[in-house]
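Colleague: I'm new to reading protein models. Could you walk me through this one?

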Amino acid sequence: MKLVPLFLSFISVVGCLFSLSAQEYPPSYYELSPDGRTLLFWKGDTAVVNLALDPSLGRIDSIADFAFAHRDSLGNVIPDYTIEELILPHSLRSVGYMAFWCRNLRHLQLNEGLEFLDQAALCEAPLSSLDIPSSLRMLSGAIYRCYNLERLQLGKRSIYYTLVEGVLLSPLSHSVAFYPSARLSESYVVPEGSSIIDFRAFSGSRFLSRLYLAEGVEVIEKEAMSDCVSLRLVDFPSTLKSLANDALMGSPIDTLVFRSLFPPQMEGALRMVNCRPVVLIVPDESLSLYAHYKPLQGVYETILPLSEMPDEWQAYKGAGEPESRPFVVVDQQLVIELPEEGMEARVFNKEGEQKALFRNSGSYTLSPGVYTLLLGGKSYKLVIPAIPM
């Protein structure tokens, strides 16, 4: 008789474990396709969504366009502000256009087995890191306006992508696939062996101010360097053949360097929303050719030969990326990354007075002026500009 209570206790424990291993969402929380294979629309209101634990959602193999966005009273698609964490099921293979338009999403667990992310599949999410599964085959333009994204991790068995200095490259297509928007570096040299800059590869970069493309790059896809708020200089190689006319749209560029003897092919005029006067630097023997090239007319204010290019730019080209400084200045913000725990950064004015002490990485506001930054035994000159009213 004593065995009966023990048996009932065992059944109770098993039941509890089973309930923990399966989380069934009410049918009103979602809409599936007739065959149950595609999540058409998520209607739930929970901050944490774990599709893998639901018996029905755990079997889907695709997520439809705008699935996690919302609709207003007029039927217009608007972003979601509820979801903070989203875990995908192991069965999932593809994610549709702007499926994760979630402005409070801080953690996204992409499943191993996922193969395809459509354009802007992950849109305007404030996450700072993302793990890319080794199964992912297509990511071009999939991460859009995720301005806080600083770090990527890549599955070790991936044959489709490789991660070099935090930048996602495709060895199969010889392309630069994605440059994290919050990567803390002012300059970047596209590595040798690259021939394509993918759709939106650098789009939305916050801190990149100088971009140098290695010899061998031939094609710049649409919006490849668009909306890079700090980008001032782009140096194109002599191998460049094609440049999308909206590749630089919305970036405040003031210097474009073309090293090819012939201008790249463009479909229409180069589109640049820019209030800055642009300097065009081209091969000496091609000055006239570039000056009369219609897609570039109206873009530049000055055109100069390569022989007059400043020495510091000439020396930098092809030398590899210089030692990265642990800070950047954006408007009146000093964005600093302390390399080691316990390290301090001190800021002094011209009179030698200490104006700030930082013990944590982050973004800090400084008044306009010239300062000296002491960090890790090195000193750096800081110039904080005044922002015009």
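Below, we go through it question by question.

Modeller: Before we start, this is a predicted model, where local features need pLDDT of at least 70, side-chain atom pairs count only at pLDDT 80 or more, and totals for chains, interfaces and linings use all residues. Residues are numbered from 1 along each chain as its sequence is written, and side-chain values use heavy atoms, with hydrogens and water left out.

Colleague: What pLDDT does the chain average?

Modeller: pLDDT is the predictor's confidence in each residue, from 0 to 100. In this chain, 87% of the residues score at least 70. The average pLDDT is 87.

Colleague: Over which residues is the pLDDT below 50, with two contacts beyond near neighbours in sequence?

Modeller: A contact means heavy atoms within 4.5 Å. Where pLDDT is low, the predicted coordinates should not be read in detail. The stretch you're after is residues 10–21.

Colleague: Is S170 buried or exposed?

Modeller: S170 sits in strand β17, residues 167–170; strands (E, at least two residues) are DSSP runs, numbered from the N terminus. Setting aside neighbours within four places in sequence, S170 touches Y160, Y161 and S175. Buried means under 20% relative accessible area, exposed over 50% and partly exposed in between (1.4 Å probe, protein chains only). Because its relative accessible area is 9%, S170 counts as buried.

Colleague: Which strands are at the edges of the open sheet?

Modeller: Six strands line up as β19-β21-β23-β25-β26-β27, with parallel pairing. Two strands pair if DSSP finds at least two bridges between them. An edge strand here pairs on one side only, and that picks out β19 (187–190) and β27 (302–305).

Colleague: Which residue in β21 stands opposite V190?

Modeller: β19 and β21 (residues 210–213) pair in the parallel sense over four bridges. Opposite V190 stands L213.

Colleague: Where does the largest nonpolar core lie?

Modeller: A nonpolar core is a set of buried Ala, Val, Leu, Ile, Met, Phe, Trp, Tyr and Cys residues joined through side-chain atoms within 4.5 Å. The largest one has 43 residues, of which L51, I63, F68 and F100 touch the most other members. Domain bounds come from an automatic or database domain assignment. Both domains give residues to this core, so it lies between domain 1 (20–145) and domain 2 (161–315).

Colleague: How many residues are in the other core that lies apart from it?

Modeller: Among the members of that other core are V176, L211, L243 and M266. Its size is 38 residues.
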